[in-house]
Amino acid sequence: MIYVIGFLAQVCFSGRLLFQWILSEKEKRVVSPSIFWLLSLLGSYLLFFYGWLRHDFAIILGQFISYYIYIWNLHIKRQWKPIPLPVRCLLVATPFLAIGYMLGEARMFSLQFFHNEEVPLWLLTWGSMGQIIFTLRFMYQWHYSYKRQQSLLPLGFWVISLIGSCIIVSYAVFRLDPVLLLGQSTGLFVYIRNIWIQRQASLRDSCQLRGN
């Protein structure tokens, strides 16, 4: 059952990349569709519980910050308010409730997550670093988009994604985690392809400016 939740989360994450990639190929430039953010939010919600059930702090760490960036992007694209109010309240409140539970059970949390014999400290540190880098891509995306007041997926987002994904793939190999391995491996091609599409679009724009 735990793996079912994890694989459902990765289906959402893989689906968002698939939709984003197909639409970008069609437009011949990198686009930021609403479905990308909706699937991101759903996948993050599921993966949070997967990490909790697996007692894997590295997975949980990667969900907190990016979770609310997904909501911000849905808001800026005017896709947040159409979601029923009770669902929105639940989505916003869940991470805070989880943090409250962790603080209330700090000793048990420490024993389960930081002293998990299945995840040695060096591996936890490596996996957490990958998740931090992976999360930074959405902080960068938010900062870039906030200045322009529109939801965008810039070149730097895909470069950071590629670096973070490579670290998480190696972590998944050591952790023998098929959910992380499958989810991250399928994204590598899309990250590389989006970097290529973005570069080609920039070259076309530069040529057009010189032509004018």
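## Helix α6 and the residue after it

In this predicted model, helix α6 offers a simple check on its own geometry: at 1.5 Å a residue, its 28 residues should span 40 Å, and because the C-alpha atoms at its two ends are 40 Å apart, the expected and computed values agree. Just after α6 comes Q149, whose phi is positive, at about 55 degrees.

## The largest cavity

Two cavities of 30 Å³ or more are found in the structure, and the largest of them encloses about 190 Å³ of space. Its lining is made of 19 residues, among which F13, R16, F134, R137 and Q184 are the closest to the centre of the cavity.

Helix α6, spanning 121–148, is one of the contributors to this lining, and α1 (2–27), α3 (57–76) and α8 (178–211) are others, with each of these four helices supplying at least two residues. Sorted by class, the lining of the largest cavity holds nine polar residues, eight nonpolar residues and two charged residues.

## The second largest cavity

The second largest cavity contains about 70 Å³ of space, and the residues that line it are S44, Y45, F48, Q63, F64, Y67, T94 and P95. At least two residues of this lining come from each of α2 (34–53), α3 and α4 (85–104), so that α3, which also supplies at least two residues to the lining of the largest cavity, takes part in enclosing the second largest cavity as well.

By class, five of the residues that line the second largest cavity are nonpolar and three are polar, while no charged residue is included. The lining of the largest cavity, by contrast, has two charged residues.

## The largest pocket

About 170 Å³ of space lies in the largest pocket, which is lined by 13 residues, with R29, V30, L152, L153 and Q198 lying nearest its centre. Helix α8 gives the most to this lining, contributing four residues, and α8 is also one of the helices that supply at least two residues to the lining of the largest cavity. The lining of the pocket divides into seven nonpolar, four polar and two charged residues.

## A salt bridge between α1 and α8

A search of the whole structure gives one salt bridge, in which the side chains of E25 and R193 meet at 2.5 Å, N to O. Because E25 lies in helix α1 and R193 lies in helix α8, the pair ties together parts of the chain that are 168 residues apart in sequence.

## A nonpolar patch on the surface

On the surface, F19, L23, I35 and L38 form a nonpolar patch, and together these residues have about 300 Å² of accessible area. Helices α1 and α2 each supply at least two residues of the patch, and L23 is among the patch residues that lie in α1.

Methods: Residues are numbered from 1 along each chain as its sequence is written. This is a predicted model: local features need pLDDT of at least 70, side-chain atom pairs count only at pLDDT 80 or more; totals for chains, interfaces and linings use all residues. Side-chain values use heavy atoms; hydrogens and water are left out. On a 1 Å grid over the protein atoms alone, a cavity is a set of points where a 1.4 Å probe fits but cannot get out, and a pocket is an open set with protein on both sides within 12 Å along at least five of seven lines; lining residues have an atom within 4 Å of a point. Grid points are joined across faces, edges and corners, and a volume is the space filled by probe spheres set on the points. Ala, Val, Leu, Ile, Met, Phe, Trp, Tyr, Cys and Pro count as nonpolar, Asp, Glu, Lys and Arg as charged, and the others, Gly among them, as polar. The expected span of a helix is 1.5 Å times one less than its number of residues. Patches are made of residues with over 30% relative accessible area and no salt bridge: like charges are joined within 9 Å, nonpolar side chains (Val, Leu, Ile, Met, Phe, Trp, Tyr) within 5 Å. Accessible areas come from the Shrake-Rupley method with a 1.4 Å probe; for residues, only the protein chains shown count as cover. A salt bridge is a side-chain nitrogen of Lys or Arg within 4 Å of a carboxyl oxygen of Asp or Glu.
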